[in-house]
Amino acid sequence: MSGRDLVDLEDLDEGEIREILRMASGHDPPRATRTLDGKILGLAFFEPSTRTKASFTSAMLRLGGSVVDMGEPSTTSLAKGEGFSDTLRILSGYCDALVIRHKLDGAARYASELLDIPVVNAGDGSRAHPTQALLDLYTIGKIKGRLEGLSVGVLGDLKYGRAANSFILAISRFSPKVLYLISPPLLRPRREVLEALRRRTDFRIVENPRDVIGELDILYVTRIQRERFPDPEEYERVKNSYVVDLELLKEAREDLRILHPLPRVGEIRNEVDGTPFAAYFEQARNGVPVRMAVLEWVLGHGGA
Ligand code: NCD
């Protein structure tokens, strides 16, 4: 196989993560290049997506390549009963790398083992969203000038949120001053995530963002992942657990910056958008330079 997979940031060492971030800054602001001239990227999104799919497409086009989009699953041969592995095998014959999103944990790993072309995980179930975590790190580096030594709070659905999980594991590798995991008890991170964290960093479990807001450099807010709750009643119990509004931010430091992988569904009020705290739209924009770097990295055309 020529190239590499990106299934989980846990598979990369710190040097590789830094290499991708360095490559991303070379594409910021994104400009047309020809590094992936003639290459084709396959998009296999079995779950909804706006930012991830559009920014991968934009990134590939900026690099001189093209995309083949499998399209909405209900319009594909899956709807005729074709198996997942057949669909993946067929698609892999039409492209040089495949970006996959799926509701099942482990789907991207499965694809990477099945296929001979590089596979990029664009989100598998509740588990991982590595390109999101890269763009989160990139955004923090850009706005704070460093990744290390920051007081970071991660608020929301830390159990089912793959963006939250990937971010928590990623930032824990850069020696945070302190990492606060802020959620209702029902939505605390899963045991394997907590175990990995314990080996790496000092973290604290908190229920109320008010208790820590005044200390934070970064507040990473996430959506409660309604579609991943096995029990709708459980969702009902936690759905309105927290909201970030101007009232909460009265206690914040002036240089606090708020990130969110988006979409938001009410957990950050619109009134926050016009304040210097809001970094989430800038974060979404960074999806393009970071995914340009990821595509060059997996296809073996960049970095060292
Ligand atoms: C996230 C996802 O799909 O995991 N969206 C994204 O890629 N920015 C977050 C979410 O859906 O809550």
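These notebook entries follow my look at how the two domains of this chain meet.

Entry 1. I noted at the outset that the model is predicted. I then looked up how the chain is divided, and found domain 1 at 9-128 + 287-298 and domain 2 at 130-284. For the separation of the two centres, taken over C-alpha atoms, I recorded 25 Å.

Entry 2. I turned to the interface itself. On the side of domain 1, 30 residues are in contact with domain 2, which contributes 29 residues. I entered about 2,400 Å² as the area that domain 1 and domain 2 bury between them, with 55% of it on carbon and sulfur atoms. I also asked which residues of domain 1 lose the most area to domain 2. They are Leu9, Arg51 and Ser126, which together account for 25% of what that side buries.

Entry 3. I next looked up the polar side of the interface. Between domain 1 and domain 2 I found five salt bridges. I examined the pair Lys142 and Asp28, which forms a salt bridge with its closest N and O atoms 2.7 Å apart. The count of residue pairs in polar contact between the two domains is 13, with both residues at pLDDT 80 or more.

Entry 4. I then traced which elements supply the side of domain 1 that touches domain 2. Helix 1 (14-25), helix 2 (51-62), strand 3 (97-102), strand 4 (119-124) and helix 11 (287-298) each supply at least two residues. Helix 1 gives the most, with seven residues. By kind, I listed the residues of this side as 12 charged, 11 nonpolar and seven polar.

Note on methods
Residues are numbered from 1 along each chain as its sequence is written. This is a predicted model: local features need pLDDT of at least 70, side-chain atom pairs count only at pLDDT 80 or more; totals for chains, interfaces and linings use all residues. Side-chain values use heavy atoms; hydrogens and water are left out. Domain bounds come from an automatic or database domain assignment. Contact means heavy atoms within 4.5 Å. Buried area is the accessible area (1.4 Å probe) that two parts lose on being put together, summed over both. A salt bridge is a side-chain nitrogen of Lys or Arg within 4 Å of a carboxyl oxygen of Asp or Glu. A polar contact is a pair of N or O atoms within 3.5 Å; within protein, one must be able to donate a hydrogen and the other to accept it, and residues adjacent in sequence count only if both atoms are side-chain atoms. Helices (H or I, at least four residues) and strands (E, at least two) are DSSP runs, numbered from the N terminus. Ala, Val, Leu, Ile, Met, Phe, Trp, Tyr, Cys and Pro count as nonpolar, Asp, Glu, Lys and Arg as charged, and the others, Gly among them, as polar.
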